[in-house]
Amino acid sequence: MLPPDFSKIPQKEGKSLGKLIINGGKPLYGKVPISGARNSALALIPAALLGETPSVIENVPQIKDVETYIDLLSHCGVNGSFSKNECRIDPSSLQSKPIKAPHFSKLRASMYLMGVMLSKFKEVQISPSLGALGWEPLDQHFKGFQSLGVTIDQQADSIHLYAKKLMGTRIYLDVVSVGATINLMLAAVHADGKTIIENAAKEPEVIDVATLLSSMGANIKGAGTDVIRIQGVRKLLGCRHSVIPDRIEAGTWMIAGAATRGTVTIEQIIPKHLEAVSAKLREMGAKVVETDETITVYGNDQYEAVDIKTYPYPGFPTDLQQSFTSLLTQADGTSLVTENVYSSRLTYVHELVKMGALIRAEGRTAIITGVTPLHGTNIQATEIRAGASLVIAGLVANHVTTISGIDFLCRGYENLEMKLSLLGAEIHREW
(Lines give C-alpha, C1' and ligand atoms only; values in the text may rest on other atoms or scores of the structure.)
Protein backbone atom coordinates (compact mmCIF):
# COMPACT_ATOMS: atom_id res chain seq x y z
CA MET A 1 0.00 0.00 0.00
CA LEU A 2 1.33 3.43 -0.96
CA PRO A 3 1.58 6.15 1.69
CA PRO A 4 -1.43 8.49 1.64
CA ASP A 5 -0.92 11.97 0.21
CA PHE A 6 -1.85 14.40 2.99
CA SER A 7 0.04 17.36 1.54
CA LYS A 8 -3.06 19.24 0.37
CA ILE A 9 -4.61 19.38 3.85
CA PRO A 10 -3.02 22.21 5.89
CA GLN A 11 -2.68 22.22 9.65
CA LYS A 12 -4.74 24.95 11.27
CA GLU A 13 -3.53 27.21 14.04
CA GLY A 14 -5.45 27.95 17.23
CA LYS A 15 -5.99 31.25 19.01
CA SER A 16 -2.98 32.52 20.96
CA LEU A 17 -3.05 32.02 24.72
CA GLY A 18 -0.49 34.71 25.47
CA LYS A 19 3.17 34.67 26.50
CA LEU A 20 5.05 33.41 29.54
CA ILE A 21 7.34 35.86 31.31
CA ILE A 22 10.03 34.29 33.51
CA ASN A 23 12.49 36.17 35.69
CA GLY A 24 15.10 33.45 36.00
CA GLY A 25 18.24 32.70 37.94
CA LYS A 26 16.47 31.51 41.10
CA PRO A 27 16.58 27.95 42.50
CA LEU A 28 13.31 26.05 42.89
CA TYR A 29 12.38 24.74 46.33
CA GLY A 30 9.33 22.90 47.61
CA LYS A 31 6.81 20.20 46.75
CA VAL A 32 4.76 19.82 43.61
CA PRO A 33 1.84 17.40 43.04
CA ILE A 34 1.67 15.61 39.70
CA SER A 35 -1.46 15.57 37.54
CA GLY A 36 -2.94 12.64 35.68
CA ALA A 37 -1.01 11.53 32.61
CA ARG A 38 -1.89 13.44 29.47
CA ASN A 39 -0.84 10.59 27.18
CA SER A 40 -3.00 8.14 29.13
CA ALA A 41 -6.05 10.39 29.32
CA LEU A 42 -6.05 10.98 25.57
CA ALA A 43 -6.21 7.23 24.99
CA LEU A 44 -8.58 6.38 27.85
CA ILE A 45 -11.27 8.80 26.66
CA PRO A 46 -11.75 7.10 23.27
CA ALA A 47 -11.33 3.66 24.87
CA ALA A 48 -14.34 4.41 27.08
CA LEU A 49 -16.45 4.64 23.91
CA LEU A 50 -16.23 0.86 23.55
CA GLY A 51 -18.59 0.31 26.49
CA GLU A 52 -22.34 0.06 26.17
CA THR A 53 -22.89 2.11 29.34
CA PRO A 54 -21.24 5.32 30.63
CA SER A 55 -17.73 5.42 32.09
CA VAL A 56 -16.21 7.90 34.52
CA ILE A 57 -12.50 8.68 34.26
CA GLU A 58 -10.95 10.37 37.28
CA ASN A 59 -7.68 12.28 37.74
CA VAL A 60 -7.90 13.68 34.21
CA PRO A 61 -5.59 16.69 33.74
CA GLN A 62 -7.38 20.00 33.13
CA ILE A 63 -5.57 20.73 29.88
CA LYS A 64 -6.54 22.02 26.45
CA ASP A 65 -6.11 18.67 24.69
CA VAL A 66 -8.71 16.99 26.92
CA GLU A 67 -11.19 19.80 26.26
CA THR A 68 -10.53 19.44 22.54
CA TYR A 69 -11.20 15.68 22.72
CA ILE A 70 -14.54 16.21 24.44
CA ASP A 71 -15.47 18.65 21.66
CA LEU A 72 -14.43 16.08 19.06
CA LEU A 73 -16.62 13.43 20.68
CA SER A 74 -19.62 15.74 20.47
CA HIS A 75 -19.00 15.81 16.69
CA CYS A 76 -19.49 12.04 16.81
CA GLY A 77 -22.73 12.33 18.78
CA VAL A 78 -21.26 11.46 22.17
CA ASN A 79 -22.54 13.03 25.36
CA GLY A 80 -19.38 13.78 27.32
CA SER A 81 -18.58 16.15 30.16
CA PHE A 82 -15.37 17.33 31.79
CA SER A 83 -15.31 19.04 35.17
CA LYS A 84 -13.02 19.06 38.22
CA ASN A 85 -10.58 16.55 36.71
CA GLU A 86 -13.33 14.06 35.93
CA CYS A 87 -14.60 12.96 32.52
CA ARG A 88 -17.94 11.28 32.07
CA ILE A 89 -18.35 9.53 28.73
CA ASP A 90 -21.72 8.17 27.56
CA PRO A 91 -21.12 6.15 24.36
CA SER A 92 -24.76 5.19 23.76
CA SER A 93 -25.23 7.81 21.02
CA LEU A 94 -21.85 7.34 19.29
CA GLN A 95 -22.16 7.69 15.52
CA SER A 96 -19.79 6.57 12.78
CA LYS A 97 -18.90 9.97 11.33
CA PRO A 98 -15.87 10.94 9.23
CA ILE A 99 -12.94 12.24 11.26
CA LYS A 100 -11.83 15.25 9.27
CA ALA A 101 -8.57 17.16 8.94
CA PRO A 102 -9.33 19.93 11.47
CA HIS A 103 -9.80 17.34 14.21
CA PHE A 104 -6.58 15.53 13.35
CA SER A 105 -4.64 18.77 13.11
CA LYS A 106 -5.79 19.89 16.55
CA LEU A 107 -5.25 16.55 18.26
CA ARG A 108 -2.93 13.75 17.19
CA ALA A 109 -4.62 11.36 19.66
CA SER A 110 -7.80 11.54 17.57
CA MET A 111 -6.18 8.67 15.64
CA TYR A 112 -7.47 6.33 18.38
CA LEU A 113 -10.95 6.83 17.00
CA MET A 114 -9.86 4.62 14.09
CA GLY A 115 -9.57 1.62 16.39
CA VAL A 116 -12.78 2.50 18.23
CA MET A 117 -14.89 2.98 15.08
CA LEU A 118 -13.55 -0.19 13.48
CA SER A 119 -14.29 -2.12 16.66
CA LYS A 120 -17.86 -0.84 16.99
CA PHE A 121 -18.96 -0.12 13.40
CA LYS A 122 -16.38 -1.97 11.23
CA GLU A 123 -15.87 1.28 9.33
CA VAL A 124 -14.25 4.69 9.62
CA GLN A 125 -13.28 7.48 7.24
CA ILE A 126 -10.41 9.81 8.12
CA SER A 127 -8.82 12.90 6.59
CA PRO A 128 -5.62 13.49 8.60
CA SER A 129 -3.43 16.50 7.99
CA LEU A 130 0.24 16.30 7.14
CA GLY A 131 1.17 18.63 9.99
CA ALA A 132 -0.59 16.57 12.63
CA LEU A 133 0.27 13.01 11.65
CA GLY A 134 2.00 12.41 8.36
CA TRP A 135 2.72 8.90 7.15
CA GLU A 136 5.38 7.68 9.58
CA PRO A 137 3.20 7.27 12.69
CA LEU A 138 0.33 5.58 10.79
CA ASP A 139 1.95 2.80 8.81
CA GLN A 140 2.02 0.34 11.73
CA HIS A 141 -1.61 1.16 12.54
CA PHE A 142 -2.67 0.40 8.97
CA LYS A 143 -0.59 -2.77 8.81
CA GLY A 144 -2.23 -4.07 11.98
CA PHE A 145 -5.74 -3.14 10.85
CA GLN A 146 -5.18 -4.99 7.58
CA SER A 147 -4.09 -8.08 9.50
CA LEU A 148 -7.40 -7.92 11.38
CA GLY A 149 -9.25 -7.99 8.03
CA VAL A 150 -9.66 -4.28 7.32
CA THR A 151 -9.64 -2.97 3.75
CA ILE A 152 -7.97 0.42 3.35
CA ASP A 153 -9.13 2.55 0.43
CA GLN A 154 -7.21 5.77 -0.19
CA GLN A 155 -9.34 8.42 -1.84
CA ALA A 156 -8.51 11.90 -3.09
CA ASP A 157 -8.45 13.61 0.29
CA SER A 158 -9.36 10.89 2.76
CA ILE A 159 -8.87 7.25 3.70
CA HIS A 160 -11.74 4.79 4.05
CA LEU A 161 -11.19 1.81 6.36
CA TYR A 162 -13.83 -0.95 6.46
CA ALA A 163 -14.35 -4.67 7.11
CA LYS A 164 -17.17 -7.19 7.10
CA LYS A 165 -15.83 -8.49 10.40
CA LEU A 166 -12.63 -8.24 12.41
CA MET A 167 -10.79 -11.53 12.85
CA GLY A 168 -8.24 -12.19 15.57
CA THR A 169 -4.74 -12.73 14.23
CA ARG A 170 -1.04 -12.41 15.01
CA ILE A 171 0.44 -8.94 14.42
CA TYR A 172 4.12 -8.06 14.54
CA LEU A 173 4.92 -4.36 14.80
CA ASP A 174 8.03 -3.49 12.80
CA VAL A 175 8.59 -0.48 15.06
CA VAL A 176 7.68 -0.24 18.74
CA SER A 177 4.78 2.23 18.70
CA VAL A 178 2.61 3.28 21.63
CA GLY A 179 -0.05 4.67 19.31
CA ALA A 180 -0.23 1.55 17.13
CA THR A 181 -0.24 -0.77 20.14
CA ILE A 182 -3.16 1.06 21.74
CA ASN A 183 -5.09 1.44 18.48
CA LEU A 184 -4.80 -2.28 17.74
CA MET A 185 -5.90 -3.14 21.27
CA LEU A 186 -8.99 -0.98 20.77
CA ALA A 187 -9.78 -2.67 17.45
CA ALA A 188 -9.12 -6.21 18.71
CA VAL A 189 -11.27 -6.27 21.86
CA HIS A 190 -14.39 -7.06 19.77
CA ALA A 191 -12.64 -9.13 17.07
CA ASP A 192 -13.56 -12.78 16.62
CA GLY A 193 -10.94 -15.04 18.21
CA LYS A 194 -7.55 -14.21 19.67
CA THR A 195 -5.25 -11.37 18.61
CA ILE A 196 -1.56 -11.42 19.52
CA ILE A 197 0.41 -8.17 19.22
CA GLU A 198 4.16 -8.83 19.13
CA ASN A 199 6.86 -6.20 19.67
CA ALA A 200 4.21 -4.20 21.50
CA ALA A 201 5.00 -0.99 23.36
CA LYS A 202 5.53 -1.42 27.12
CA GLU A 203 4.77 2.14 28.22
CA PRO A 204 2.73 2.71 31.41
CA GLU A 205 0.08 4.37 29.24
CA VAL A 206 -0.47 1.06 27.40
CA ILE A 207 -0.96 -0.70 30.74
CA ASP A 208 -3.39 2.03 31.82
CA VAL A 209 -5.56 1.55 28.73
CA ALA A 210 -5.49 -2.24 29.15
CA THR A 211 -6.53 -1.84 32.78
CA LEU A 212 -9.52 0.29 31.78
CA LEU A 213 -10.58 -2.16 29.06
CA SER A 214 -10.20 -5.12 31.44
CA SER A 215 -12.40 -3.33 33.99
CA MET A 216 -14.99 -2.95 31.23
CA GLY A 217 -14.89 -6.69 30.55
CA ALA A 218 -12.16 -7.12 27.92
CA ASN A 219 -9.86 -10.15 28.02
CA ILE A 220 -6.32 -8.74 27.73
CA LYS A 221 -3.12 -10.39 28.93
CA GLY A 222 0.49 -9.23 28.77
CA ALA A 223 0.13 -5.43 28.75
CA GLY A 224 3.49 -4.02 29.84
CA THR A 225 5.39 -6.79 28.03
CA ASP A 226 6.30 -7.03 24.36
CA VAL A 227 3.55 -9.59 23.66
CA ILE A 228 -0.09 -8.69 24.30
CA ARG A 229 -2.84 -11.30 23.91
CA ILE A 230 -6.44 -10.25 23.41
CA GLN A 231 -9.39 -12.62 23.32
CA GLY A 232 -12.28 -10.86 21.64
CA VAL A 233 -15.53 -10.40 23.58
CA ARG A 234 -18.98 -9.35 22.44
CA LYS A 235 -19.85 -6.85 25.12
CA LEU A 236 -18.10 -4.23 27.26
CA LEU A 237 -19.69 -2.16 30.01
CA GLY A 238 -18.70 1.19 31.42
CA CYS A 239 -16.61 1.51 34.56
CA ARG A 240 -14.86 4.00 36.84
CA HIS A 241 -11.12 4.42 36.34
CA SER A 242 -8.39 6.76 37.63
CA VAL A 243 -5.62 7.99 35.30
CA ILE A 244 -2.05 7.15 36.31
CA PRO A 245 0.31 10.00 37.30
CA ASP A 246 2.01 11.87 34.46
CA ARG A 247 5.61 10.63 34.34
CA ILE A 248 6.52 13.26 31.74
CA GLU A 249 5.30 16.14 33.90
CA ALA A 250 7.10 14.58 36.87
CA GLY A 251 10.31 14.28 34.87
CA THR A 252 10.02 17.90 33.75
CA TRP A 253 9.92 19.16 37.35
CA MET A 254 12.74 16.80 38.36
CA ILE A 255 14.92 18.25 35.62
CA ALA A 256 13.87 21.81 36.50
CA GLY A 257 14.87 21.25 40.13
CA ALA A 258 18.30 20.00 39.11
CA ALA A 259 18.80 22.72 36.47
CA THR A 260 18.10 25.54 38.93
CA ARG A 261 20.21 23.81 41.61
CA GLY A 262 17.27 23.73 43.98
CA THR A 263 15.49 20.98 45.94
CA VAL A 264 12.18 19.76 44.55
CA THR A 265 9.96 16.95 45.83
CA ILE A 266 7.66 15.39 43.23
CA GLU A 267 4.51 13.99 44.87
CA GLN A 268 1.78 11.54 43.84
CA ILE A 269 3.88 9.61 41.33
CA ILE A 270 5.13 6.10 40.58
CA PRO A 271 8.95 6.31 40.91
CA LYS A 272 9.49 3.19 38.79
CA HIS A 273 8.17 5.11 35.78
CA LEU A 274 11.04 7.61 36.14
CA GLU A 275 13.96 5.19 36.60
CA ALA A 276 15.73 6.23 33.40
CA VAL A 277 15.52 9.93 34.32
CA SER A 278 16.63 9.35 37.92
CA ALA A 279 19.61 7.33 36.70
CA LYS A 280 20.82 10.11 34.37
CA LEU A 281 20.38 12.78 37.03
CA ARG A 282 22.49 10.73 39.44
CA GLU A 283 25.09 10.14 36.72
CA MET A 284 25.38 13.92 36.27
CA GLY A 285 25.89 14.51 39.99
CA ALA A 286 22.41 15.32 41.34
CA LYS A 287 21.09 13.51 44.40
CA VAL A 288 17.79 11.67 43.87
CA VAL A 289 15.88 10.13 46.79
CA GLU A 290 12.77 7.98 46.28
CA THR A 291 9.92 6.86 48.53
CA ASP A 292 6.82 4.85 47.56
CA GLU A 293 5.08 7.84 45.95
CA THR A 294 7.64 10.67 45.87
CA ILE A 295 10.97 11.60 44.34
CA THR A 296 13.14 14.39 45.74
CA VAL A 297 15.85 15.91 43.54
CA TYR A 298 18.67 17.81 45.25
CA GLY A 299 20.54 20.06 42.84
CA ASN A 300 24.33 20.33 42.81
CA ASP A 301 26.71 23.20 42.15
CA GLN A 302 28.58 21.17 39.55
CA TYR A 303 27.36 18.65 36.97
CA GLU A 304 29.24 16.30 34.67
CA ALA A 305 28.35 15.89 31.00
CA VAL A 306 26.39 12.74 30.11
CA ASP A 307 25.04 11.20 26.91
CA ILE A 308 21.31 10.60 26.39
CA LYS A 309 19.73 8.26 23.87
CA THR A 310 15.95 8.08 23.68
CA TYR A 311 14.26 4.69 23.41
CA PRO A 312 10.80 3.25 23.99
CA TYR A 313 9.98 2.57 27.64
CA PRO A 314 11.77 1.63 29.87
CA GLY A 315 14.45 3.59 28.03
CA PHE A 316 14.92 7.34 28.33
CA PRO A 317 11.65 8.98 27.19
CA THR A 318 11.59 10.97 23.96
CA ASP A 319 9.28 13.49 25.64
CA LEU A 320 12.01 14.49 28.10
CA GLN A 321 15.10 14.78 25.90
CA GLN A 322 14.25 18.44 25.16
CA SER A 323 14.09 19.39 28.84
CA PHE A 324 17.23 17.41 29.62
CA THR A 325 19.08 19.29 26.88
CA SER A 326 18.39 22.55 28.74
CA LEU A 327 19.87 20.98 31.88
CA LEU A 328 22.94 19.76 29.99
CA THR A 329 23.89 23.33 29.09
CA GLN A 330 24.83 23.55 32.79
CA ALA A 331 27.03 20.42 32.77
CA ASP A 332 30.81 20.56 32.47
CA GLY A 333 32.00 19.04 29.19
CA THR A 334 30.38 17.82 25.99
CA SER A 335 27.08 15.93 26.08
CA LEU A 336 25.31 14.13 23.25
CA VAL A 337 21.53 13.82 23.05
CA THR A 338 20.40 11.36 20.37
CA GLU A 339 16.74 11.13 19.39
CA ASN A 340 15.98 7.54 18.33
CA VAL A 341 12.16 7.61 18.48
CA TYR A 342 11.09 10.57 16.29
CA SER A 343 13.02 12.11 13.43
CA SER A 344 12.17 15.79 13.95
CA ARG A 345 12.45 16.59 17.65
CA LEU A 346 15.45 18.90 17.71
CA THR A 347 13.72 21.99 16.31
CA TYR A 348 13.97 23.75 19.68
CA VAL A 349 17.79 23.84 19.62
CA HIS A 350 18.07 27.17 17.80
CA GLU A 351 15.91 28.80 20.49
CA LEU A 352 18.34 27.66 23.20
CA VAL A 353 21.20 29.01 21.09
CA LYS A 354 19.49 32.41 21.18
CA MET A 355 19.88 32.25 24.95
CA GLY A 356 23.61 31.60 24.76
CA ALA A 357 23.71 27.80 24.70
CA LEU A 358 26.50 26.13 22.73
CA ILE A 359 24.52 23.48 20.86
CA ARG A 360 24.58 22.19 17.34
CA ALA A 361 22.27 19.65 15.78
CA GLU A 362 23.65 16.95 13.47
CA GLY A 363 20.92 14.70 12.14
CA ARG A 364 19.17 13.17 15.15
CA THR A 365 21.88 14.25 17.62
CA ALA A 366 22.31 17.46 19.59
CA ILE A 367 25.88 18.21 20.72
CA ILE A 368 25.90 20.37 23.86
CA THR A 369 29.02 22.06 25.27
CA GLY A 370 28.84 23.33 28.84
CA VAL A 371 28.91 25.04 31.17
CA THR A 372 27.36 28.03 29.40
CA PRO A 373 25.45 30.86 31.10
CA LEU A 374 21.97 31.40 29.65
CA HIS A 375 20.54 34.86 29.13
CA GLY A 376 16.89 35.83 29.01
CA THR A 377 15.50 36.81 25.61
CA ASN A 378 12.42 36.37 23.39
CA ILE A 379 11.94 32.75 22.31
CA GLN A 380 9.25 30.67 20.64
CA ALA A 381 7.83 27.25 21.60
CA THR A 382 7.05 25.07 18.59
CA GLU A 383 5.54 22.03 20.33
CA ILE A 384 4.63 20.84 23.83
CA ARG A 385 7.90 19.30 25.01
CA ALA A 386 10.05 21.92 23.29
CA GLY A 387 8.05 24.49 25.23
CA ALA A 388 8.91 22.73 28.49
CA SER A 389 12.62 22.85 27.63
CA LEU A 390 12.38 26.61 27.06
CA VAL A 391 10.64 27.08 30.40
CA ILE A 392 13.51 25.27 32.13
CA ALA A 393 16.04 27.38 30.21
CA GLY A 394 14.14 30.51 31.28
CA LEU A 395 14.25 29.41 34.92
CA VAL A 396 18.04 28.98 34.66
CA ALA A 397 18.74 32.15 32.66
CA ASN A 398 19.72 35.53 34.00
CA HIS A 399 17.15 38.30 33.59
CA VAL A 400 13.79 38.00 31.84
CA THR A 401 12.78 35.38 29.28
CA THR A 402 9.63 35.81 27.19
CA ILE A 403 8.19 32.60 25.70
CA SER A 404 5.56 32.83 22.98
CA GLY A 405 3.69 29.87 21.54
CA ILE A 406 2.57 28.74 24.99
CA ASP A 407 -0.61 27.34 23.42
CA PHE A 408 1.45 24.15 23.19
CA LEU A 409 2.29 24.17 26.90
CA CYS A 410 -1.39 24.60 27.78
CA ARG A 411 -2.08 21.44 25.80
CA GLY A 412 0.19 19.34 27.97
CA TYR A 413 0.76 20.85 31.42
CA GLU A 414 -1.95 21.50 34.01
CA ASN A 415 -1.56 24.64 36.14
CA LEU A 416 2.01 25.20 34.95
CA GLU A 417 2.38 28.76 36.22
CA MET A 418 0.76 27.96 39.56
CA LYS A 419 2.96 24.93 40.21
CA LEU A 420 6.14 26.80 39.34
CA SER A 421 5.08 29.72 41.50
CA LEU A 422 4.60 27.33 44.44
CA LEU A 423 8.25 26.31 43.93
CA GLY A 424 9.39 29.93 44.09
CA ALA A 425 9.66 30.76 40.39
CA GLU A 426 8.90 34.31 39.24
CA ILE A 427 6.57 33.55 36.35
CA HIS A 428 3.40 35.05 34.94
CA ARG A 429 1.39 35.14 31.76
CA GLU A 430 1.10 38.24 29.61
CA TRP A 431 -1.84 38.49 27.21
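In the predicted model, Lys-165 forms a salt bridge with Asp-192, with the closest N and O atoms 3.3 Å apart. Lys-165 lies in the loop between β8 and β9 (170-172), and Asp-192 lies in the loop between α6 and β10 (194-198), so the pair ties together parts that are 27 residues apart in sequence. Both partners fall in the middle class of accessibility. Lys-165 is partly exposed, at 44% relative accessibility. Asp-192 is partly exposed as well, with a relative accessible area of 34%.

This pair belongs to a wider set. The count of salt bridges comes to 16. One of them joins the side chains of Glu-290 and Arg-282, at 3.8 Å from N to O. Glu-290 counts as partly exposed because its relative accessibility is 36%, between the limits of 20% and 50%. Arg-282 has a relative accessible area of 39% and is partly exposed. A further salt bridge links Arg-360 to Glu-362, where the closest N and O atoms are 2.9 Å apart. Arg-360 is partly exposed, at 47%. Glu-362 is partly exposed too, at 45% relative accessibility. Elsewhere, Arg-38, Asp-65 and Arg-411 are joined into one network by salt bridges that share partners.

The protein is assigned two domains. Domain 1 covers 19-35 + 245-430, and domain 2 covers 38-242. Their C-alpha centres lie 31 Å apart. Domain 1 brings 16 residues to the contact and domain 2 brings 17. Together the two domains bury about 1400 Å² between them. Carbon and sulfur atoms account for 46% of this area. On the side of domain 1, Tyr-313, Arg-411 and Glu-414 stand out. These three residues supply 39% of the area that domain 1 buries against domain 2, more than any other three residues.

Polar and charged pairs also cross this interface. Between domain 1 and domain 2 there are 2 salt bridges. The side chains of Glu-205 and Arg-247 meet in a salt bridge, at 3.0 Å from N to O. Polar contacts across the interface of domain 1 and domain 2 comprise 10 residue pairs, with both residues of each pair at pLDDT 80 or more. On the domain 1 side that touches domain 2, α12 (384-396) and α13 (407-412) each supply at least two residues. Helix α13 gives the most to this side, with 3 residues. By character, the residues of this side of domain 1 divide into 6 nonpolar, 4 polar and 6 charged.

Helix α4 (residues 112-121) is mostly covered. Of its 10 residues, 8 are buried. The buried set runs through Tyr-112, Leu-113, Met-114, Gly-115, Val-116, Met-117, Leu-118 and Ser-119. Several elements contribute to this cover. Helices among them are α1 (38-47), α2 (64-75), α5 (139-147) and α6 (178-188). Strands β6 (123-126) and β8 (159-162) also help to cover the buried residues of α4. Just after α4, Lys-122 takes a positive phi of about 65°.

Pro-46 gives a view of this packing from helix α1, where the residue is placed. Its relative accessible area is 0%, so Pro-46 is buried. Leaving aside neighbours within four places in sequence, Pro-46 is in contact with Tyr-69, Tyr-112, Leu-113 and Val-116. Tyr-112, Leu-113 and Val-116 are among the buried residues of α4. Pro-46 and Leu-73 are 27 residues apart in sequence, and their C-alpha atoms are 8.4 Å apart in space.

Helix α10 (residues 321-328) is largely enclosed by the rest of the structure, because 8 of its 8 residues are buried. They are Gln-321, Gln-322, Ser-323, Phe-324, Thr-325, Ser-326, Leu-327 and Leu-328.

Strand β16 (residues 294-298) holds Thr-296. With 10% relative accessibility, Thr-296 counts as buried, because the cut-off is under 20%. A polar contact of 2.9 Å joins its side chain to that of Thr-265. Beyond neighbours within four places in sequence, Thr-296 is in contact with two runs of the chain. These contacts include Thr-263, Val-264 and Thr-265. Thr-296 also touches Lys-287, Val-288 and Val-289.

Terms used
Residues are numbered from 1 along each chain as its sequence is written. This is a predicted model: local features need pLDDT of at least 70, side-chain atom pairs count only at pLDDT 80 or more; totals for chains, interfaces and linings use all residues. Side-chain values use heavy atoms; hydrogens and water are left out. Buried means under 20% relative accessible area, exposed over 50%, partly exposed in between (1.4 Å probe, protein chains only). Helices (H or I, at least four residues) and strands (E, at least two) are DSSP runs, numbered from the N terminus. Contact means heavy atoms within 4.5 Å. Domain bounds come from an automatic or database domain assignment. Buried area is the accessible area (1.4 Å probe) that two parts lose on being put together, summed over both. A salt bridge is a side-chain nitrogen of Lys or Arg within 4 Å of a carboxyl oxygen of Asp or Glu. A polar contact is a pair of N or O atoms within 3.5 Å; within protein, one must be able to donate a hydrogen and the other to accept it, and residues adjacent in sequence count only if both atoms are side-chain atoms. Ala, Val, Leu, Ile, Met, Phe, Trp, Tyr, Cys and Pro count as nonpolar, Asp, Glu, Lys and Arg as charged, and the others, Gly among them, as polar.
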